[in-house]
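Here are my notes on the model you sent round, set out as numbered points. Please read them with the structure open beside you.

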Amino acid sequence: MREVVVGNFSLKATLESGQLFRWHHGSNGFYHIVAGDSIIKVRQSGDKIEYDSSNTKFDVKKFLGLNHSYSKIIGSVSKDKVIAAAVKKHRGLRILEQDLWECTASFICSSFSNIPRIRQCIEKIAAAFGSRMEFDGIASSSFPQPQQITDFSRLKKCGLGYRAEYLFETARIFASSNGEYSKQQLQKLSYEEAKNKIMELPGVGSKVADCILLFSCGFYGAFPVDVWIQRTMVGNYGREITSFAAGRKPSEKVVAEFARGYFGEYAGYAQQFLFHNARTSRKTLPNKLNIGKVSELIVPSHKF
DNA sequence: CACCAGGTACTGT
DNA sequence: ACAGTACATGGT
């Protein structure tokens, strides 16, 4: 078991903010994470993090985003009271650094679905194509490599619905491309180039592409716009967006363009704060969230 | 039994 | 470029 002391980190907010699907909150405050072919156990008390991994080579600190300069990031995105309130409420939320392929597969599964079912699909894929493993009393399956997903009828049974074809084809492309779809190669490209590149993959549109770039490739300016972000952005920045749009409809695309420019270099971090905030506010306060006395972060419940 | 869920691909204008 | 629409699946 390793121990590190880190400031500005919330394990709970980081894991539970919807970036990652394969984790469970167990006893003794430990979270168990399955990533690739590793099982990681980790818990936090105060500034102390305790962790261990089935694979000693797995860089837990890097995976958890602990190498980022947090104060620089939140200083950079805190442009107004709305985002500042979300940052304050979820202080310590970090963007993970996931494996490119696993992240891509996961977010292909995520489209037009819901989190419980996304998790279920991913678990089924792992059970069907991965290898059994066990660590710290937790039994699970590794996430399969793309070249292991060769049986389409078997993939069909994992509950992906029509996304099965997208994932199957994307797996084939990953397996047959010579490092073209690698973190290393993508990071050589500009944001726009990298995004266009991964949008060539079936099942990867604008939103999923931004999730992949943000959660696995270190493109922290990527700003994924799903229905939650769309609502919360229009609700909180309607005026600014309208002004920015200059006559255009405030579509997801326009919102993403606005947000990337407005929040800047670490817009993706802003997105994750706003997303997590919208998700966690919904049950208690459907339409409005008051954080302290400072802000009125609105989370409209209706569609626009 | 409708309706919804971290959208994408395809079509027509 | 941009709006409209179908889409598998499982849960309420």
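The points below take up the two DNA strands, then the cores, then one helix and two loop residues.

1. This is a predicted model, and the remarks that follow should be read with that in mind. What surrounds DNA strand B? There are 27 residues around this strand, and the closest of them are Gly 18, Gly 203, Val 208, Gln 271 and Arg 279. Of the atoms of DNA strand B that come within 4 Å of the protein, 64% belong to sugar and phosphate.

2. Three polar contacts to DNA strand B deserve a look, two of them made by the protein backbone. A polar backbone atom of Gly 18 is 2.5 Å from a base oxygen of the strand, while a polar backbone atom of Val 208 is 2.8 Å from a phosphate oxygen. From Tyr 162, a polar side-chain atom lies 2.9 Å from a base nitrogen of DNA strand B. The elements that contribute two or more residues to the surface near this strand are α11 (206-216), α12 (227-245) and α14 (267-281), and α14 gives the most, with four residues. Sorted by class, the surface near DNA strand B has eleven nonpolar, twelve polar and four charged residues.

3. DNA strand C is surrounded by Phe 112, Arg 117, Gly 159, Gly 161, Tyr 162, Arg 163, Arg 248, Lys 249 and Lys 253; here sugar and phosphate account for 53% of the strand atoms that come within 4 Å of the protein. By class, the surface near DNA strand C has two nonpolar, two polar and five charged residues. An N or O atom in the side chain of Arg 117 is 2.9 Å from a base oxygen of DNA strand C, and one in the side chain of Arg 163 is 3.4 Å from a base nitrogen. Tyr 162 comes in through its backbone, where a polar atom is 3.1 Å from a sugar or linking oxygen of DNA strand C.

4. Where does the largest nonpolar core lie? Domain 2 (100-216) and domain 3 (227-296) both give residues to this core, so it lies between them. It has 76 residues, of which Ile 125, Leu 155, Leu 160, Leu 167, Met 233, Phe 263 and Phe 273 touch the most other members. Leaving aside residues up to four places away in sequence, Leu 155 touches Ile 125, Phe 129, Ile 149, Leu 160, Ala 164, Leu 167 and Phe 168. Another core, of 20 residues, lies apart from the largest one and includes Leu 15, Ala 35, Phe 63 and Leu 96.

5. Helix α11 is largely enclosed by the rest of the structure, because nine of its eleven residues are buried. Among these buried residues are Val 208, Asp 210 and Ser 216, and the buried residues of α11 pack against α5 (100-110), α9 (183-187), α10 (191-198) and α14. After α11 comes Gly 218, with a positive phi near 75 degrees.

6. Two residues other than glycine deserve a check of their backbone angles. Asn 8 has a positive phi, near 50 degrees, and its place is in the loop between β1 (2-5) and α1 (11-16); with 32% relative accessibility, Asn 8 counts as partly exposed. Phe 112, whose phi is positive at about 55 degrees, lies in the loop between α5 and α6 (115-129). At 75% relative accessibility, Phe 112 counts as exposed, and Phe 112 is also one of the residues surrounding DNA strand C.

Definitions and conventions. Residues numbered from 1 in each chain as written. Chains lettered and ligands numbered in written order. Predicted model: local features only at pLDDT ≥ 70, side-chain atom pairs only at ≥ 80, totals over all residues. Heavy atoms only, no water. Near = heavy atom within 4 Å. Polar contact = N/O pair within 3.5 Å; in protein donor to acceptor, adjacent residues only side chain to side chain. Nonpolar A, V, L, I, M, F, W, Y, C, P; charged D, E, K, R; others polar. Core = buried A, V, L, I, M, F, W, Y, C linked by side-chain atoms within 4.5 Å. Buried < 20%, exposed > 50% of the residue type's maximum accessible area, 1.4 Å probe, protein only. Domains from an automatic or database assignment. Contact = heavy atoms within 4.5 Å.
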